[in-house]
Amino acid sequence: MRIDLHSHSSVSDGTDSPALLMGVAAAAGLDVVALTDHDTTAGWAAAEAARPAGLTVVPGMELSCRWFPRDSPPISVHLLAYLFDPQHPAFAAERVRLREERLNRGERIVAALAADGHPVAWERIVERSEGGVVGRPHIARALVEAGVVESVDHAFATLLHHRSPYYASKADTDVLDGIRLVRAAGGVPVFAHGLATKRGRVVGDDAVAAMTAAGLLGLEVDHPDHTPDQRAYLRALADGLGLIRTGSSDYHGTNKTTPIAACTTEPDQYEALLAAGTGVAVLAD
Ligand code: AMP
Ligand code: FE
Ligand code: FE
Ligand code: ZN
């Protein structure tokens, strides 16, 4: 069994439509793929409609969250959520709030860029974010098209870097609240790429302990942004806390160079995840 539990489609910041993503997953030899777009379930229906026979799809999402350390500024963390009830009112309302927050913040970044002589069309960016989930990758592509930067990577390394003067933050969900919402909706919360230092500051073991106390059920261990040492560390941490260990590619189509199935989840860990999720069923034959 080949299982990839983290992928993005064009309803958030991937480049493949949910339907195309199903074909890409099957062609890569995956038996199971999770669709985990940022802050939206908008791709679930199209993925279900296009799912090829033999491929199991785990409905999921990646929730934008923050951890609040006692004596330093908040740290951005991503929470994967699987098999939750998409209709759960409080959780659905929080996703709406996050998407509005993304629109406000994206518009602020674009306005700051334009004021400094790097104009990109905000309307086009919104138009192209099919599910209304605007992220820096959309702005990055617009900057490439406008000839301001040579690549999406270059945009992230310069104008859109979290330490760039053009960067604007957004009021993401307190991760402890996020975990409680996912559980309330019958879902399985998994801490995504927890030690990926290339993305910015990462949290300490105290945060993972607090998250576990709030109901966290898993850690993403094998991820392309983790070094072998970081994976070994997370594996031991998960085992010590009794958490599920996942592995995944975090595929984003051509917005990133990582191919689908670059990292995978062990079957027994996948079974444990399935057993814990009660909000919605997997899509399977
Ligand atoms: P945002 O959520 O709008 O702050 O944008 C962050 C998203 O950008 C992350 O979810 C990543 O998927 C994506 N990202 C981060 N670094 C890069 C990069 N170098 N190239 C393309 N996408 C990236
Ligand atoms: Fe992303
Ligand atoms: Fe992420
Ligand atoms: Zn992701």
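What spacing do the donors of the iron ion (ligand 2) follow along the chain? In this predicted model, the pattern reads D-x24-H-x213-H. The residues behind it are D13, which coordinates through OD, plus H38 and H252, each of which uses NE2. These contacts with the iron ion (ligand 2) span 2.1 to 2.2 Å. There's a second metal to keep in mind: the iron ion (ligand 3) sits 5.4 Å from the iron ion (ligand 2).

The two histidines come from well-separated stretches of sequence. H38 is in the loop that links β2 (32-35) to α2 (44-50), while H252 is in the loop between β8 (244-247) and α10 (267-276), so the pair ties together parts that are 214 residues apart in sequence. Both side chains are tucked away by the numbers: H38 is buried, at a relative accessible area of 7%, and H252 is buried too, at 3%.

Now for β2, the strand that precedes the H38 loop. Its residues split between two directions, with V32 and A34 pointing one way and V33 and L35 the other, yet all of them are buried. β2 has a parallel neighbor in β1 (residues 3-4), joined to it by two bridges; here D4 has V33 as its bridge partner. Add helix α1 (residues 18-27), and β1, α1 and β2 make up a right-handed β-α-β unit. β2 also pairs with β3 (residues 56-67), again in the parallel sense, this time over four bridges. In that pairing, V32 is matched with T56 of β3.

Technical notes:
Residues are numbered from 1 along each chain as its sequence is written. Chains are lettered from A and ligands numbered from 1 in the order in which they are written. This is a predicted model: local features need pLDDT of at least 70, side-chain atom pairs count only at pLDDT 80 or more; totals for chains, interfaces and linings use all residues. Side-chain values use heavy atoms; hydrogens and water are left out. Donors are N, O and S atoms within 2.8 Å of the metal (3.2 Å for Na, K and Ca); water is not among the atoms, so sites may look incomplete. Buried means under 20% relative accessible area, exposed over 50%, partly exposed in between (1.4 Å probe, protein chains only). Two strands pair if DSSP finds at least two bridges between them. A crossover is right-handed if, with the strands pointing away from the viewer, the path from the first strand over the helix to the second runs clockwise.
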